[in-house]
Structure formats: C-alpha cells, structure tokens
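Please find below some notes for a colleague who is opening this model for the first time. They begin with one sheet and then turn to the chain as a whole.

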Amino acid sequence: MAAGFWIIGNSSCSKHVEVIIPDLIYKAEATTGEGSIWHPDRNSLFWVDIEGKTLYELFSSTEDCRKWSFDRMVTTVVPESDTTVIVALQNEIIRFNLENGVKTSLAAINDKEQSLRFNDGKCSPNGSLWVGTMSLKNEKGAGTLYCLHPDGTLDAMLKGVSISNGIVWSKDRKYMYYNDTPTGKIQRFRYDDRSGDILLDGTAVILPRNTGGPDGMTIDSDDNLWVAQWGGFGVYCYNPYTGELLTKIDVPAPNIASCAFGGKDMDTLYITTARAGLSENELEDYPLSGSVFCCKPGAVGIRPNYFGQKPAGKNRESK
C-alpha cells in the first residue's frame, strides 16, 4: 500500500497529513455498502448492502464470502455469539442464526406511514444495541437514536436526528461519539457505562470543508476516530480531543459508508463503499464503487462489543 502526505488548509502553517492507498479486497456493486464490523469469534467481516437487502460475511483466511438475502432493507449487523448476529432491518431488529437462517424478532419501531428506516448502529460496552433511524422522504429531524437493551426494551435516546450514522465509545467507556451526517460534525457525549445514560458534551470534530459528510465510524486503541466520509473519497482519522486531522485513507470511490478494524491483531481497516447517489458518468470514473477495501494504517482497533455482553469489568475477554 502506498503512502504519502496531504496538505490541509491554505496557510503557511498547514499540516501534512499522511495519505494511505488501500487495497481492493472484495469487488462488488453494492448500492450502499454499510455497517462493517469484525466478528472475532468467526474471524470474519460482516457488512450489509442496505437497498440490496443483503448481509455479507467475508472470511479473511479464505476470502470466501457468504450472502443472505432479506425481504426488507438490512441496515446494521452486530455480533452476539459465534452463531448469531443481531440485524436491524428496515423497521425491525431481529436475531439471525447464521447456521440455520432462523429469524427471531426483538423489537420494532412504530412506523405506520412507512416513512422511516433504521440506519447505522453498534453495541455499547454494556451490551446494548444503539441504532438510529432516518426519513425515507429526506425529512430533516425525523429520525431517532434508539437503544435496544438485552432484555428487549427499546428506549429513544435522542430525537430530532436527520441521518443517524456512526457511533463509537472511548476505550475508558467515559465518552460516546456520534454522527448525524448533515451536521458535518462529530458530537461527543458523556457516557455512563452502568446505566447507559448519555449527556451532550459538545463537538469533538468539525469536518474540513469539501470532505463530505460523516457516515460510519470506528475507534482505535489510542481513541482516535476513523470516519467514513460520504462524498469525501475516503476515511479520515481525527484526534477527538483536539479535532486535528491525522490521516486520510484515499479510496477510489466518492461515497464511503463505513469502516471497521479487524483481523487477528485488529490492525486491518476494512472500508465499505456505495454506488448510491452516483451518476452514470461517475460510475464510469469510479467503477469500484460498492466494493470493499482494506489497509493497515498503523493503528490497532478495539474488539467490537457484543450484544448482551456484561457491563464494564465483566466484559468478554479477547481470545
């Protein structure tokens, strides 16, 4: 993988940002490749194609890829066990058995007008699934960030969201970072690991101009944020305490939807992309849009949280 430097800003004090070129790992034509997450127990990468109604699993050791089709849009996947994952469909959250295909309903949103759908989500350190909604009619502020607890309770945590997207927790479990894409910024919340309560603590990062909107997001062991930027041709790494841009992964596709650390040592960054929103000319210019890329950016990710895992101090141990 090639690396270089990129100058940001226009002043003489502009900083040089490392630029990394990723490798193509899986060629696809996903409309919206979203929700990437590593499953340590299976040594595999999961992601979804939302409009394609498809769940993918790529095994890094063999490069074999499994696919499952659903009857509705599929927007989020998180691990629960070595045989089950939790999946958010368009309007319902289910448990999905990877061995026999059995689906068990866990919760649903009240959407009689069918004007909303779930979008991106991840599990918190205390084992709850945080997943948000967005309007199917592009209505501003129509979405909600929900928290599905392991006991099946579904709580509304934030209302007035437009496009609910990337969400991560700091290594010490004191902060939660969250993207509402149209805002162009990453919000920081104080997070209580025992209760799951959050309190807005300001803006962690304001995205540089002309670099797209904040979509999916992951965090490394140094608490730096890696943000897939829709319309930004890449994944951008920020220090959330200073807002400083540190690294850019330069992807040959305009619309980057998600990213996740994985691999045996959690040092490989996987990146999913989308064909949605691109014209025929743009698709000709960027034919790999919809595919999955990867690189080793010199950072180490954090093992993903499982649905139903125990609270802080009692979490699952890495294998």
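1. The model is a predicted one, and a good place to begin reading it is an open sheet of four strands, whose order is β4-β5-β6-β7 and whose pairing is antiparallel. At its edges lie β4, covering residues 33-39, and β7, covering residues 65-69, each of which pairs on one side only. If direction is ignored, neighbouring strands of this sheet are turned against each other by 20° on average.

2. Within that sheet, strand β5 (residues 44-49) and strand β6 (residues 54-59) run antiparallel and are joined by six bridges. A reader who wishes to locate this pairing in the model may look for Val48, which stands opposite Leu55 in β6. As general background, strands of a sheet pair through backbone hydrogen bonds, in either a parallel or an antiparallel manner.

3. Turning to the whole chain, one helix and 26 strands are found in it. Its radius of gyration is 18 Å, close to the 20 Å that the globule rule gives for 319 residues, so the chain is as compact as a globular protein of that length. The C-alpha trace spans about 55 × 45 × 40 Å along its principal axes.

4. How much of the chain is made up of buried residues? They account for 57% of the 319 residues, while the area that the chain exposes is about 13,800 Å², with carbon and sulfur atoms supplying 45% of it.

5. Finally, as to contacts along the sequence, if one takes those between residues at least 6 apart, 46% of them join residues at least 24 apart.

Note on methods: Residues are numbered from 1 along each chain as its sequence is written. This is a predicted model: local features need pLDDT of at least 70, side-chain atom pairs count only at pLDDT 80 or more; totals for chains, interfaces and linings use all residues. Side-chain values use heavy atoms; hydrogens and water are left out. Two strands pair if DSSP finds at least two bridges between them. Helices (H or I, at least four residues) and strands (E, at least two) are DSSP runs, numbered from the N terminus. Axes are lines fitted to C-alpha atoms, for helices over the stretch in contact, and angles run from 0 to 180 degrees between N-to-C directions. The radius of gyration is taken over C-alpha atoms; the globule rule is 2.2 Å times the number of residues to the power 0.38. Buried means under 20% relative accessible area, exposed over 50%, partly exposed in between (1.4 Å probe, protein chains only). Contact means heavy atoms within 4.5 Å. Accessible areas come from the Shrake-Rupley method with a 1.4 Å probe; for residues, only the protein chains shown count as cover.
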